[in-house]
Amino acid sequence: MTLRTPPEIGGMGHSVRRKEDPRFIQGRGNYVDDVKLPGMLHLDIVRSPLAHARIKSINSANALAIPGVLAVITGRDLEQYNLAWMPTLMGDTQMVLPVDTVKFDGQEVAAVLATDRYIAADGVAAVSVEYEPITPVIDPFKALEPDSPIVREDKEKQSNHIWHWEAGDRNSTDRAFRQSDVTIKQDIYIPRIHVSSIETCGCVAQWDAIQEKLTIWMTSQAPHVVRTVLALVAGHLGLAEHKIRVIAPDIGGGFGGKVPVYPGYVLAIAASFLTGKPVKWVEDRMDNLMSDSFARDYHISAEIAARQDGTMEALRIKTVADHGYTDAATQPSKFPAGLFHICTGSYDFKDAFVEVDGVYTNKPPGGIAYRCSFRVTEAVYAIERMADITAHQLGIDPAEFRLKNFVKPEAFPYRSVLGWEYDSGNYPAALEKAMNIIGYPALRQEQAEKRGRGELMGIGISSFTEIVGAGPSRHFDILGIKMFDSADIRVHPTGKAIARFGTRSQGQGHETTYAQIIAEELGIPVGDIAVEEGDTDTAPYGLGTYASRSTPTAGAAGAIAARKIRDKARTIASYLLDVDESDLEWEPGRFWVRGNPQRAKTIQEIAYAAYTDHPAGMEAGLEAHSSYDPPNLTYPFGSYICVVDIDKGTGEIKIRRFVAVDDCGNIINPMIVEGQVHGGLTMGLAPAMFEEIVYDENGNNLTSTFMDYLLPTAVETPVWETGQTCTPSPHHPLGAKGIGESATVGAPAAIANAVVDALWHLGVRNIDIPITSAKVWKVLRDAGVDE
Ligand code: CDP
């Protein structure tokens, strides 16, 4: 990509240092827990020790006897205000507090309000709840059996089956399978995992009875939508939308986990409303790991029909999705299984059929898009594992196999058999680049030699296609609210600017990259542009930041709004220079008269004139708004190659090399993109080798601390080697595609494929993630490998 601006302006393609970092690295960020208001009360939550039980009684007397404990709130209290239940983003219902039964281990049962955080915790310990256990439903397959206990007795449909969803053509796919040379089938489980942001969720709610206004500082990736939903569910209590202000201050990681509304938020609001005092609720780590929304939990049964020559012809996938006790997924309304039907991936399948069944179990609400665009991680993992298994089964090198089956570069825009229109791509280029960086042929030779000596070495590839940037609004909405995003830009008289967006950064660097987009379009130096997000009273309405949608939507809105400003600036320049607009040339930062480059007006001079000397009849000022409804999603892609060495004695897996070649079209800030890829790769390594939320047969969460739920640290993280190809999006105003999640989406399959590749000759076809040393050790012993 050629740079259009010099470093002093810092437009697209410059590795501008992050404007937000000085405050973060000096500990001067402003997070929810930093908000401290006079007279603020604290809320803590009593949680259920059982996965399924009837509440016989709640005794608050001992708690209320503790000095400083002001109230104990129960579901019965909320019921009076019609607030015991709330809607989920998928249109299901979720308890704020239970009135009679609890549905998962760790569920909110009562809230204690106190003058101090520690007193609130003492109050929680002093509340005694009597439960009558009910048989829990833990296994989603058993949940579907006719004699299973029912999780949601409150529903009209007395069944644990929530919904069935399908895409593709069942008949043509079945026919293709009947006619194929080879059929490969594999069951794959993608376990429950948790986003584990370093900052847990929390809020401070402040009801101002004089102004009748609620201000809530909250850890939200989608503050505008939250405000609308609050107004819809609490309008009957006088909380109209203009009387609610949601402020999402600095956020310490969101990754999809801060899109939903959790009971704690509602409880803090209710408590502030009732007491007239500000109320703070901030989860601890255990609260967070036990009750916030989880991701994945897909039980996939996948089949590929192929020709003997290695051509993949048809894909058939059947999935059971465990959603816990309520469908609290954060998917666009029309897609209960998210964008899972991107599961044909980077390959040109002629036939495909995919079906998903959502199931209730006695577990916390599940189904959020953890650093992924609505189930694309599940889709990529399934197809990339299946591609590898098929290649091995047919005795074809996995790289050669992929190159044979890729959608060809000349086929773009490409319509997949499951209905998506991929905007652009060049899959062979990315894979070949990764193969060159890593030295693929030499590695295969080394592997063959090592295998001869009984050593275990594996090479795994993942050539993924991502799908990010929802809208378009004709297909995508959240609870009916169309998915678009927006930008407001105002250039001040002195040529500095402020830009506000409908998204909310959680560490991705929007203050820098959005400023770069405006610098690119207007030539105003990046340091002269302030960027704000996250305050519903000041920012334009938008759907928020998740699913790598910020650059494809709000970033595009920023470019369009800046172009509107440039159009007005052109009219002012023609007036000031007394020439026709058509005689003006633009270069970032100034208009000049064709044939006479000295006759020019800078954007700063024009800005001043917009307030002091603008043409008669023109409105004063220099500002613009754009609400951008993308014509299509963007389809970033990449090829990752991982090399592992496995210790025969211990099963320990060492990632020797990992090369990640990504393509997100035109890049705004290469340094930030590299950072996104590094972080994403580590978050892809995590479920591949470490993380899993585990329940026992009674529904007890066995992984509710970081002692049991293993996050990789720098010690476990290998050196990531990165590279790029650049295939611009044809429809995005800047040619950019999202990047935030690509690496998390693409990495797990590369790692799993490498491990299985090392063990294939021992008869191993699949090991479900997380692939721990213990699992590999057992596989090796079962295969009779000598230590
Ligand atoms: O929605 P989210 O911000 O998580 O994801 P994104 O749009 O993929 O952007 C992540 C970060 O990478 C932002 O700071 C983007 O501006 C930056 N980015 C970039 O510099 N160039 C791209 N082509 C895509 C993203």
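Reader: Before we start on helix H11, what does contact mean here?
Author: Contact means that heavy atoms lie within 4.5 Å of each other, and please keep in mind that this is a predicted model.

Reader: Good. Which residues of H11 are buried?
Author: Helix H11 runs over residues 398-405, and Pro398, Ala399, Phe401, Arg402 and Asn405 are its buried residues. Around the axis they cover an arc of only 160 degrees, which puts them on the same side of H11.

Reader: And what covers the buried residues of H11?
Author: The cover includes two strands, S16 (312-322) and S21, together with the helices H10 (376-394), H12 (427-438), H13 (440-452) and H18.

Reader: What caps the N-terminal end of that helix?
Author: Aspartate 397 does, with a side-chain oxygen that lies 2.7 Å from the backbone nitrogen of alanine 399, and alanine 399 is itself among the buried residues of H11.

Reader: Switching to H19: which of its residues are buried?
Author: In H19, which spans residues 773-782, Val776, Val779 and Leu780 are buried. Viewed down the helix axis, the buried residues of H19 fall within an arc of 100 degrees, so they line one face.

Reader: Which exposed residues sit on the face turned away from that buried side?
Author: Ala774 and Asp782 are the exposed residues carried there.

Reader: What lies over the buried residues of H19, then?
Author: Their cover includes strands S21 (456-465), S31 (637-646) and S32 (653-663), as well as helix H18 (742-759). S21 and H18 are also listed in the cover of the buried residues of H11.

Reader: What happens just after H19?
Author: Glycine 784 takes a positive phi there, of about 75 degrees.

Reader: On to the ligand. How many residues surround it, and which are the closest?
Author: The ligand is surrounded by 23 residues, and the closest are Gln508, His510, Ser550, Thr551 and Ile739. By type, the shell divides into eight nonpolar, 13 polar and two charged residues.

Reader: Where do backbone atoms approach nitrogen atoms of the ligand?
Author: At asparagine 666, a polar backbone atom is 2.8 Å from a ligand nitrogen, and at cysteine 664 a backbone N or O atom lies 3.3 Å from a nitrogen atom of the ligand.

Reader: What about an oxygen atom of the ligand?
Author: An oxygen atom of the ligand has a backbone N or O atom of isoleucine 739 at 2.6 Å. On its own the ligand has 510 Å² of accessible area, of which the protein covers 98%.

Reader: Which elements give two or more residues to the shell?
Author: Those are helices H14 (510-522), H15 (550-577) and H17 (670-689).

Reader: Is asparagine 669, in the loop between S32 and H17, buried or exposed?
Author: Asparagine 669 counts as buried, at 1% relative accessibility, and a polar atom of its side chain lies 2.9 Å from the backbone oxygen of valine 16. Leaving aside residues up to four places away in sequence, asparagine 669 touches His14, Ser15, Val16, Thr512, Thr513 and Gln516.

Reader: Last one: where is alanine 610, and what does it touch?
Author: Alanine 610 belongs to helix H16, residues 603-612, and is buried with a relative accessible area of 0%. Beyond residues up to four places away in sequence, alanine 610 touches Ile572, Ala620, Gly621 and Leu622. The C-alpha atoms of alanine 610 and glycine 621 are separated by 5.0 Å, although the two residues are 11 residues apart along the chain.

Definitions and conventions:
Residues numbered from 1 in each chain as written. Predicted model: local features only at pLDDT ≥ 70, side-chain atom pairs only at ≥ 80, totals over all residues. Heavy atoms only, no water. Near = heavy atom within 4 Å. Polar contact = N/O pair within 3.5 Å; in protein donor to acceptor, adjacent residues only side chain to side chain. Areas by Shrake-Rupley, 256 points an atom, 1.4 Å probe, with all protein chains shown as cover. Helix = DSSP H or I, 4+ residues; strand = E, 2+ residues; numbered from the N terminus. Nonpolar A, V, L, I, M, F, W, Y, C, P; charged D, E, K, R; others polar. Buried < 20%, exposed > 50% of the residue type's maximum accessible area, 1.4 Å probe, protein only. Arc of directions from axis to C-beta.
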